[in-house]
Structures are given as structure tokens and as C-alpha cells.
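Please read the sequence and look at the structure below. The report after it is meant to be read beside them.

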Amino acid sequence: MTNYSPTPLLDQVSRPSDLKNLNDTQLVTLAEELRTETISAVSETGGHLGAGLGVIELTVALHAVFDAPRDKIIWDVGHQCYPHKILTERRDRIRTLRMKDGLSGFTKRAESPYDPFGAAHSSTSISAALGFTMARELGGFIPEGLGDAIAVIGDGAMTAGMAFEAMNNVGHLKKRIIVILNDNEMSIAPPVGALSKYLSRLYSERPYQELKTVTKNAVSLLPEPFRNSAKRAKDLLKGMTIGGTLFEELGFSYIGPIDGHDVTELLAILRTVRIRATGPVLIHTLTTKGKGYVPAENARDKGHATARFDVLTGEQKKAKSNTPSYTKVFAESLTKEAKIDDKICAITAAMPDGTGLNFFAEQFPHRCFDVGIAEQHGVTFAAGLAAGGMKPFCAIYSTFLQRGYDQVVHDVAIQGLPVRFAIDRAGLVGADGATHAGSFDIAYLSNLPGFTVMAAADEAELVHLVATAAAHNEGPIAFRFPRGEGVGTTMPERGQPVPIGKGRIVRKGKDIAILSFGARLQEVLNACDSLGTQGIKPTIADARFSKPLDRDLILKLSKTHDALMTIEEGAIGGFGSHVAQLLADEGVFDDGLKYRSMVLPDVFVNQANPADMYAVACMNAPDIEAKVLNLLHSQKTK
């Protein structure tokens, strides 16, 4: 079945129940075959390789011991779910991962009953597991039944406050929940923070865990009158050894650390826990991200995200580009600004490479902060820096900034603090699909009083917007830019601040005015080139700002053209809605102006390459051309 190597045992497995027919020795062999198949599949599709390779043995052990889909195995984030998908009736489609109409790169409820809870943002698994557990106790019903709930969460995801909020609630309710801490000392970037150091200490002092088992067993053998004194002595010993176990203090029975690549040990522990657990249990497994595939193990990100690659060499088959990525342009521009302004600093939430801040950190290590997977903390931390007189740039993907929205409102906007938000991955992002699309930031930021919201039409404009944000001290400011390469425009040596709330005319024409906000401008230009062959010469403007709007530009365009159209890579309620509000307030529609807006559709657009996603959204050049012709035709017939 594969183009890599034979997998005779795996060929006998079509669903998890088939693992019950294999003995422990065969399960060890199955794990190796599953690793082979995972590497082979991702080499053809690209995707998140390293995380899946790190949980191969754990995936086999979980499905051998528990009874999915009745038992709910909840993979936090979902980067590591490819092996799980292979074992759960989806092997025949595994080479469609992250493709249009193919398997999602994350767990997805609509895809399979073996995916009990959809994921793609981290740190949600324990909360969901508690929900399933309480639904079972309260008499909830789903066709496959409600059994045990098992949350598999990485050490990186455990840094988020939501995980600890869930653990606190679980400890209070004292319900039987199994949490598996997949500790690979590597999320997307190397680990940061006190929790990482704590987990490392647990590992380094593993002999204590063995002593702890002995003392616990010994206490259980003592006569009743002596047990309380002996328990206090055991607790004292624990405190003297490692200062107490954080997870036990939260109400969990702690087991570990254990070797997450030893199938036999995993099977023994999971079987025991399944039989004996009466309350919350945390199993601490030590794994290696990228395990078993040398190119992944040696990569800086341990093979976190790869393009298609050659299995034998690990060489990725990336298309060559002579155009810099927007992310690189942002990072280089910010670094140039920081060289002349020592108040500029940068914050990322566990995404230094993804946001380009690894480049900034090389130049200014003491002014760059990776807060871990903690967007809420990152935003308020930036607010504190701003209140203290610094110029913080908070670099967070649009989809992840959603997690810190309360802090954006209360800690930044209400206080009018000049935090600069660099919003990467704006618009539709491709293979990661709807969960990672930057669809909503225009709407959720533009409705905040005192906020300035900008969008880069191309990579050269991005340079100027970085300079604009660096110079802006009158309140919060955000600038958004898409994933991928720029359009190949001439680059300025250094950015120049643009006037706040002022757009620019890109091409003068007549008949209709098109007001573009963001990176659809190139598609607008392409559409208008085609319209020009039909005798239609639109005026094209780059709005630059959705807040504050360029009132003078918009009202002038509305008075000098019979029709006006806006376009943006955002959802309903964003730039176009603000323009429509302005036109309505000024009574422009009373004068007969025809108006249309183009926004992302009111659906979640599934994964595909970006061009196909924008085709689904009807926002490519042919769609823009058709919208213009329809508007002009409707104008002539009235």
C-alpha cells in the first residue's frame, strides 16, 4: 500500500478494534510500521510530521487499550493526529491530507466519529474531556456512546492558562479523567518558561518517583493507627526531594515520567489506569518530536511543518521564489526600526519562526520575548510594556489573536495604550484550513474606539506600515498582512510613516471606483486590466486604513463615480460595513450611488491552496470582474 516499505501488520488493521487481535510484541512491530506509513504519507502531502512521529507508540497503545470511538481520545491542537487517522478507518485517504476535499490536518468532528472533538488551537483538550465526562454522568447521549475521556496534551500546550483552568476544575470535581502529558520539550519552538524547567526537574529526579512508589506501598501495609503519621512522613520526604508535585496539588494522581516510546511500558500503565483509576490521573510521558526519522529529529523545529519531501534525504520540495515573504519583510523592517529606536521590543506567543521574530531576536535578544502558548498573557504583557514607556510590537497570527481578544479590549483599547499588533496570516491561508484563516480581525478590531487598523496591499506597503506603527504613540494600532510571498514590487530601503487615516489612488479611471483594503489589490488590478479591454476604466484606490476611514477619499470617489465597490480579505462587518455606514450617514445613497462590497463568505472555507480557497470565496480576479460588470449592468437597467 505504501511507496516506502512493506507494512504487513498495518495492512491487517482497518479500525482500532483490530488492534485487540494483536499481542504486545506485534503491537511493537505495528508501531514501527505506522511510523513508516506516516513518513511516507506526509512526504507526498506535506504537513505536520514531527508531532505525529513523536506519538506513534502512544497512539498504538491508546487504541489497543481503550475502545474508541466510545472512549473519547482528544488530541490537543491536532498536529499529532495523522497516525491516529491511519488507525481509524482513514488510511485509504491519508494521502489527501490538507488538500482540497481531502482529510483535514487536524481532528474534525464532521470527518469521523473517532475525532470526538475538533482542534487546531492548543490547550483545549482537558476542558473538552471534562465536558464529555460530565455529559456521561448527566445522561448525555450520542450514537457511539460515552466512555472514558482521555486528553493528550503537549508540554507546550500546557503553558496556556486554559489548561490550568481546566485542571483546577477537574481537581475540584474529582471525576475520572485521564490526561496524558506528551512532554517532548518542543512545541513549535523550543520550550520557554517555568513549567518547562519544572518538567525537566521531574525527569532529572526520576529516582524519587521510584522511591515514592515504595513509600506509598509501604504506607498501605501499616496498621490503621500508624498510617496518618506515615503519610505525613511521606509528604515531608516528597517536599524535601522536589518540593511537591504540582499536578498532585491540583488533585491529579501523577504517574511518571515514563518512556513514551516504550510500547510495552505504555500498555502496562494504560491498562492499569483503565482498571483502577477512580479520579483524575495525569500520565507524564517523555517523547522525542520527529522520533525515528533522522531528518526530522535533526531539524530545528523537529519537522513541525514540512512541504513535500524526499523520504530518503528529507529534502523538501519547496518551490523557489525570488520574492521575499511578507513575514520576512515584516521582520527585517522591524529590525531596522529597532536599530534606531531602543524603545522598540517584540512579543511572540510560541511562534518566533512563524512570525519572523527569530530574526529580530538574533539582533536584539533582550528586547524579544517568547511568552509561550499564552496569547492572553502576551497581549497584557505588551500593554504593561507600553504603559511603562516601551514600544511593544505584539506579533501574533490573526487566528491566534482571537484568543486574546478580551485583553485587546480591556487591557489595551480601553486604556488607549500604544501597543502595536503585527497580524500575520491575514485572510485565507491554505492547507491549515478554516481554523487558521485570518477572517475576523478587521471586524473585531475596527469596532474598538481609538484603534487604528491598517492592511498592507503589497510587501512595499508593509515596510511603510511597520514604520507607521513605530511612529504612532496615540493609541493601539494594528497592521495585517497575508501568508506567503509578496507580489514582486520594488522595495524601499526603509519605511516612511504614512498619514494616519489616508489612502492612495493607484489608478485613475471613470465608470466605477474600487476601494481595496489589503492584499486583494493585485487581483483588482488584474481584473481591471481585463475590464480595460472591454472599454471599462475603473478608478482603483488602496484604502490602507479601515479605521480611521479616509472620509475625504471615500466621499470624493462617491461624488465623482456612479458606482463604488469595496473588497477586503475579511468577514462581514469589517471595512466594507464601515464604508457603507459612512455613506449612509452622509446621505450619499440618496443621490443614487450604487454600492457593493466583496468580503469572505459567511461560511468556514475548508482547506485547499490559497488560490482555490479564494475561488470558493469568489474573490479572485474573474470574480471581481464579474461583480463590476453586474453592478454596471444593474446601473444601466435602472
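The text below covers a sheet and its helices, a few single residues, the nonpolar cores and the cysteines.

This is a predicted model, in which local features need pLDDT of at least 70 and side-chain atom pairs count only at pLDDT 80 or more, while totals for chains, interfaces and linings use all residues. Residues are numbered from 1 along each chain as its sequence is written, and side-chain values use heavy atoms, with hydrogens and water left out.

**The sheet**

Helices (H or I, at least four residues) and strands (E, at least two) are DSSP runs, numbered from the N terminus. Two strands pair if DSSP finds at least two bridges between them. In general, strands of a sheet pair through backbone hydrogen bonds, either parallel or antiparallel.

In which order do the seven strands of the open sheet lie? The order is β7-β6-β8-β9-β11-β10-β15, and the pairing is mixed. At the edges are β7 (368-370) and β15 (545-547), each of which pairs on one side only. From one strand to the next, the twist averages 20 degrees. Strands β6 (residues 344-348) and β8 (residues 391-397) run parallel and are joined by five bridges. Within this pair, C345 has P392 of β8 as its bridge partner.

Two helices that pack on the sheet are described next. Contact here means heavy atoms within 4.5 Å. Axes are lines fitted to C-alpha atoms, for helices over the stretch in contact, and angles run from 0 to 180 degrees between N-to-C directions. Helix α13 (residues 326-340) touches β6, β8, β9 (420-424) and β11 (477-480), and its direction makes about 145 degrees with that of β6. Helix α20 (residues 459-471) touches β6, β8, β9, β10 (452-455) and β11. The direction of α20 makes about 170 degrees with that of β11.

**Buried residues and their contacts**

A residue is called buried under 20% relative accessible area, exposed over 50%, and partly exposed in between (1.4 Å probe, protein chains only). In helix α18 (residues 405-413), the buried residues are Q407, V408, V409, V412 and A413. Their cover includes α16 (375-387), α17 (398-401), β9 and α19 (441-446).

H48 lies in the loop between α1 (24-45) and α2 (50-54). What does H48 touch, leaving aside its neighbours within four places in sequence? The contacts of H48 are H79, Y82, R98, F106, G303, H304, A305 and D432. H48 has a relative accessible area of 5%, so it counts as buried.

**Backbone features**

Two residues other than glycine have a positive phi: E89, near 65 degrees, and R544, at about 65 degrees. E89 is in helix α4 (residues 82-90), whereas R544 is in the loop between β14 (539-542) and β15. E89 is partly exposed, with a relative accessible area of 43%; R544 is buried, at 11%.

The table lists two cis peptide bonds, with the place of the proline in each.

| Cis peptide bond | Omega | Place of the proline |
|---|---|---|
| A68 to P69 | near 10 degrees | P69: loop between α3 (56-65) and β1 (72-75) |
| K547 to P548 | about -5 degrees | P548: loop between β15 and α22 (551-560) |

**Nonpolar cores**

A nonpolar core is a set of buried Ala, Val, Leu, Ile, Met, Phe, Trp, Tyr and Cys residues joined through side-chain atoms within 4.5 Å. In soluble globular proteins, nonpolar side chains tend to be buried together.

The largest nonpolar core has 52 residues, and those with the most contacts inside it are L27, L30, L62, I180 and I283. Elements that give two or more residues to this core include α1, α3, β1 and α4. Apart from its neighbours within four places in sequence, L62 is in contact with I73, W75, I150, V152, I180 and L270. A second, separate core has 50 residues, among them V412, Y444, F517 and L583.

**Cysteines**

A disulfide is a pair of cysteine sulfur atoms within 2.5 Å. How many disulfides does a search of the whole structure find? The search finds zero. For C345, the nearest cysteine sulfur is that of C368, 9.1 Å away. C345 is buried, with a relative accessible area of 1%.

C368 lies in strand β7 and is buried, with a relative accessible area of 16%. Leaving aside its neighbours within four places in sequence, C368 touches A346, L357, F360 and A361. L357 is 11 residues from C368 along the chain, and their C-alpha atoms are separated by 7.6 Å. C528 also counts as buried, at 3% relative accessibility.
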